[in-house]
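Biologist: I would love to go through this model with you and ask how each label is earned. Could you show me the structure?
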Amino acid sequence: MLKISGVPSNKDIDQVFPSQERLEKGPVVIVECFETIPCNPCYTACHVGGIQAFKDITDLPTIDFEKCNGCTMCISSCPGLAIMVIDYSYHKDYVKMMIPYEFYPLPKEGEWIKGLDRRGAEVVKVKVLSVKNTKYQDKTQVITIAVPKAHYKKIRNIEAGDSNAKS
Ligand code: SF4
Ligand code: SF4
């Protein structure tokens, strides 16, 4: 499915997620990088060994979930927008997700907007917690959203600018 549509299957997604035990410990990186292309800025962005050294520049990234502290520094480094950070421990009913975003308008803190799946279809409304947009991110903003736990694994993007969206 991935090679034909470009959309990873649930099995593909499960393979890049850490264990439930690790998720419950706190923020952790999720890297949905499935193409063997010559690319490694995710590795150079991480200073704690969360993304392990590449043997070859075309290797897929290998994550050490125990070393990753969920700092989010690698998110904006990825040209494929393949990286996000998830904090499953954030709230009993909500997961906090930090995702890359390169569209305008930017969402606003506090608003409820559409949470989209990997095909771009709306799944559920999500709340914008923060928008990080510094010059060091080179126009790849990091949006922090609160997502209902029942849906978090399906959410991969957002649609900002929808003033009718409510919780
Ligand atoms: S979130 Fe931080 S610690 Fe984890 S892999 Fe990315 S840069 Fe490394
Ligand atoms: S920077 Fe992004 S696209 Fe490049 S290897 Fe890392 S995760 Fe994959």
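Biologist: Thanks! To begin, where does Leu81 lie?

Modeller: This is a predicted model, and in it Leu81 belongs to the loop between helix 4 and strand 2 (83-87).

Biologist: Why is Leu81 called partly exposed?

Modeller: Its relative accessible area is 26%. Buried would need a value under 20%, and exposed a value over 50%. Leu81, with 26%, falls in between, so it is partly exposed.

Biologist: What makes the phi of Leu81 worth a remark?

Modeller: The angle is near 50°, a positive value in a residue other than glycine. Most residues other than glycine have a negative phi.

Biologist: Which value does phi have in Asp138?

Modeller: Asp138 has a positive phi too, of about 55°, although it is not a glycine. You can find Asp138 in the loop between strand 5 (122-132) and strand 6 (141-148).

Biologist: And why is Asp138 called exposed?

Modeller: Here the relative accessible area is 62%. The label asks for over 50%, so Asp138 counts as exposed.

Biologist: Now to Cys42. What makes this residue buried?

Modeller: Cys42 has a relative accessible area of 8%. Since the cut-off is under 20%, Cys42 is therefore buried. Cys42 is part of helix 4 (residues 41-45). Leaving aside neighbours within four places in sequence, Cys42 touches Ile51, Phe54, Pro61, Cys74, Ser77 and Ile83.

Biologist: How many residues apart along the chain are Cys42 and Cys78?

Modeller: They are 36 residues apart, and their C-alpha atoms are separated by 5.9 Å. Both residues also help to surround ligand 2, together with Val31, Cys33, Cys39, Pro41, Pro61 and Pro79.

Biologist: How do you know which class the residues around ligand 2 belong to?

Modeller: Val, Cys and Pro count as nonpolar. The shell therefore divides into 8 nonpolar, no polar and no charged residues. Ligand 2 sits in the largest pocket.

Biologist: What makes some residues around ligand 1 polar?

Modeller: Among the residues surrounding ligand 1 are Asn69, Gly70 and Thr72. Polar covers whatever is not listed as nonpolar or charged, Gly included, so these names go there. By class, this shell has 9 nonpolar, 3 polar and no charged residues. Ligand 1 takes up the space of the largest cavity.

Biologist: One more: how do you know the bond joining Tyr104 and Pro105 is cis?

Modeller: Omega is about 5° there, and the bond is listed as a cis peptide bond. Most peptide bonds are trans. Pro105 is in the loop between strand 3 (94-101) and strand 4 (112-116).

Note on methods:
Residues numbered from 1 in each chain as written. Chains lettered and ligands numbered in written order. Predicted model: local features only at pLDDT ≥ 70, side-chain atom pairs only at ≥ 80, totals over all residues. Heavy atoms only, no water. Near = heavy atom within 4 Å. 1 Å grid on protein atoms, 1.4 Å probe; cavity = no way out; pocket = protein on both sides within 12 Å on 5 of 7 lines; lining within 4 Å. Sits in = over half its atoms within 2 Å of the grid points. Helix = DSSP H or I, 4+ residues; strand = E, 2+ residues; numbered from the N terminus. Buried < 20%, exposed > 50% of the residue type's maximum accessible area, 1.4 Å probe, protein only. Contact = heavy atoms within 4.5 Å.
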